[in-house]
Amino acid sequence: MRTRAILGSILASASVLIVGYQAGTTVTMANGISVTESSTSAGSTSGTTASGPADGTYTGSSVNTRYGAVQIQVTIASGSISEVAALHLTNADGRSVQISNHAAPILRSEVLGSQSARVSNVGGATYTTQAYLASVQSALDQAGA
Amino acid sequence: MRHTLETMGTVASIELPAGWSRELVAVGAIFDEIEGRFSLYRPDSELSRIASGQLVLAGASGELLASYSRALEWRGTTLGVFSPHRPDGVIDLNGIVKAEAIERAGAHLQAVGCPSWSVNVGGDILVSPTGGAQLVGIADPADSSALLCSIRLGGSRLALATSGSAQRGDHIWRGGSTEPTHFVQVSVAAAHIVAADVLATTIVAGGPEALDDVTTRWDVDVITVDRSGALRASPGLRRALVADIAA
Amino acid sequence: MTTEVRPRPSRALRHTGTTVADYRRNFSRRARLSDLLVMALWTSGATAAALFLASGGIDQFTSVAETVTSIGIVAGLVGTDFILVMLVLAARISIIDRTIGHDRAIAVHRSLGKPALYLLLAHGLLLLVGYGLSSGINPIAEIGPMLALPDMPLAVIGLGLLIVVVVTSIMAVRRRFSYEGWHLVHVLSYVAVAFALPHQLSVGGILSEGSGQRVYWIALYVLALGGIVTFRFVEPLVSSLRHRVRVAAVTEIAPGVTTIQFDGHALRGLGASGGQFFIWRFWAPHTWWHSHPISLSAMPTDNSARVTIRDLGKGSAQLSTVPVGTRVSIEGPYGLFSTTARTSGKLTIIAAGIGVTPVRALLEHATFAPGEATILLRASTPEETYHWDEIKAIAAAKGATCLVMVGHRPRGIDTWMSEADAARGVTLTSAFPDITDSDVYLCGPSTWLDLVEADVRATGIRPHQIHTERFDW
């Protein structure tokens, strides 16, 4: 009877492990943004060439990180990425949250309009006194002193 | 009225309403105290004496220990990405004390009832909660004479801290890595200047993974510039962008 | 050794329906079920590892850091699975008891203890090293960020508790504690499991929200804890309330040996088979906080039951002083030392000292044809012959042969027999000519029993025909 138990255990365990492995490979095969659309490398984030991925919305597979599972949805418009959304992330409480605060790509043209505003202060990476003198902040300070 | 002070190796720009210029003295004193305690460029500062072994950490002043402990807390919550420890083992609190200086200056100005002020030390800005919205520009890392964009500060976004690898020598220690950072400049808008400063440093050091982590776990707004000049911004920051004002 | 009773040939042979074929069938069924249980144990471990594979884990071995982390994750999954299996084994679940017996379940439980702990320690260590390697900081520095993750401090405390539980269970350490003290510490393992669960569900990607793995994991916990709650708590409670057992009489029948008579309700409904034991808790001032496994020394009627205990230590000594009327809560019946384990029509029974207790009940309950059962009663001195009169009476009534052997063992020779009988050349086969065709039931003090069992095995009998109950806790 013991032999039966040993053989049965080996068989059952092996089956379970194979099933798990199979399930795992279908997860990783679905990885990547573009599966069937184009032959160029998937995942290019700033491609504006015509050979980039076709327009549409692509959902990547769920990837496990130590903070939880992350799944990204990318929207391609006019050949480049217009929207990146994280669909699935567990926050500290283990609850799924829709990421509303994700920093998505923004085009220079979108910020262009704000560059000529009249500001009272300028933020920037810490500059030395030398660099300060060449900065916009110093111009402001001189004007306002 | 705008006033400038040279302090902590950089320049501070402080805007005070008419008649409040006397507070400059107090603010200057705060900056001097902090520089005297924490500057690693001064051999007689408390932090330098600890670095050289003249003073043991356990014998340090309460203020230094408080700053150190605060830096360690941030190290914990950023999972090690922000760290007050240099690879050579020296404790470098520059990542936090400048912001603490701004924080204390702001607290002082509020305490004495100054109605509207802003404190800008080396590019990190804190504005008064009672002064109404202020328009603030963010420098373009590629062109020091131009702005990247401008945003509105106020409400729950009183502080704007910017970190980058473009200008001053890195006080961003990235686990011994010497690879160039993914982001050349990161600006974080938050309710508190220390949080904004630490998180901006964290994102520069940790790259895109840290960016997602920070925007998820903290209520902040971010705009980043990467090595190729491409930008990323959180939804809140987009909304805060100042619309095109003709002239 | 003298023969006290020889069966008289009788024409009135009564078969009560259980034949040898029935015994064989039961045995095969139990063997199959036992194999299924073993398979379930190992397969559950494999499933835990498969959870990792199902998340695409096979690809997570590309760098040293990743490999270390992956092994750490698998170690945690399998280790926790083993812990849950251990809890289930200790839960006295009736199907497990009926298949492999409570004693064997506990033996398996013990053997899983250290491996499970090693796996979980490896889990913690490897993840510190692995995450540290991938963040570029040393493992010691990684401790801080690890503890900053939600639910991690609790999990670390849980691991600490588990270490305490396992260390105190090592024989060398356990001996220093009273049974109750040790048991109290051991119960902390439930706390350890509870403390570890939150981090399993919140940290790491394998069991993340919405995954099938999470569903399986939670189902596993529900099953394990449900089984434990049902069989450790609910069932005994229901049983105690239903049968309302109380102490009816306490009688000393020999120096240091006491019988306790109970009265109760519907006691036959307990379904006890002769030779099985219950776990008793006497609700009197000095005895309520420990429980005892004691065999019935007679088959219960609807309203009465009896146990016989020997003064073996502080705990059992106090039992002989419980006042009449004391309420008793019971858990059971447990054990495979009964007719359920029979595989053949013949019985060979050898019992010594207090070991006659379950044998007395077994003999009363068993069915056999005259001449098919032989009992040997062993005692060192005539004071240790309690219940022998009852056994001889049952043997006479049922047509079983009853042999007695009184006398100390010879010095210097390793034998279970008395000096006189060993000198006379008595052997098992001379006393029990049909031993290899029968079910052998052995009960008595551990050291004596080991010698008998060795002798029995030496006859070439198949191991599954031997049933033992060791009596010194």
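In this predicted model, the largest nonpolar core comprises 83 residues, of which A159(B), V188(B), A189(B), A196(B), L199(B), I203(B) and V222(B) touch the most other members. The greatest contribution to this core comes from helix α5 of chain B (residues 193–217), which supplies 13 residues. For L199(B), once neighbours within four places in sequence are set aside, the contacts are V188(B), A190(B), V214(B), W218(B) and V220(B). A second core, separate from the one above, has 64 residues, including I375(C), L403(C), F432(C) and L449(C).

An open sheet of nine strands is found with antiparallel pairing, in the order β6(A)-β10(B)-β9(B)-β8(B)-β7(B)-β4(B)-β3(B)-β2(B)-β1(B). Its edges are formed by β6 of chain A (104–106) and β1 of chain B (2–7), each of which pairs on one side only. Direction ignored, neighbouring strands of the sheet are turned against each other by 15° on average. Strands of a sheet pair through backbone hydrogen bonds, in either a parallel or an antiparallel manner. Six bridges join β1(B) to strand β2 of chain B (residues 10–15) in the antiparallel sense, and L5(B) is placed opposite A12(B) in β2(B).

Two helices of chain B are described in relation to these strands. Helix α1 of chain B (residues 23–38) packs on the sheet and touches β1 and β2 of chain B, with its direction at about 20° to that of β1(B). Helix α5(B) lies across four strands of chain B, namely β4 (124–127), β7 (159–164), β8 (183–190) and β9 (221–226), and runs at about 130° to β8(B).

Chain A, which provides the edge strand β6, contains four helices and seven strands. Along the sequence these elements follow the pattern α-β-β-β-β-β-β-α-β-α-α. Of the 145 residues in chain A, 30% are buried. Among its contacts between residues at least 6 apart in sequence, 24% join residues at least 24 apart.

In chain C, helix α12 (residues 388–398) has W388(C), I391(C) and A395(C) as buried residues. These residues lie on the same side of α12(C) because they cover an arc of only 60° around the axis. The face turned away from the buried side of α12(C) carries D389(C), A393(C) and A397(C), which are exposed. Just after α12(C), G399(C) adopts a positive phi of about 80°.

Definitions and conventions:
Residues numbered from 1 in each chain as written. Chains lettered and ligands numbered in written order. Predicted model: local features only at pLDDT ≥ 70, side-chain atom pairs only at ≥ 80, totals over all residues. Buried ≥ 20, exposed ≤ 12 C-beta atoms within 10 Å, placed from the backbone. Arc of directions from axis to C-beta. Core = buried A, V, L, I, M, F, W, Y, C linked by C-beta atoms within 7 Å. Contact = placed C-beta atoms within 7 Å. Pairing = 2+ DSSP bridges. Axes fitted to C-alpha atoms, helices over the stretch in contact; angles between N-to-C directions.
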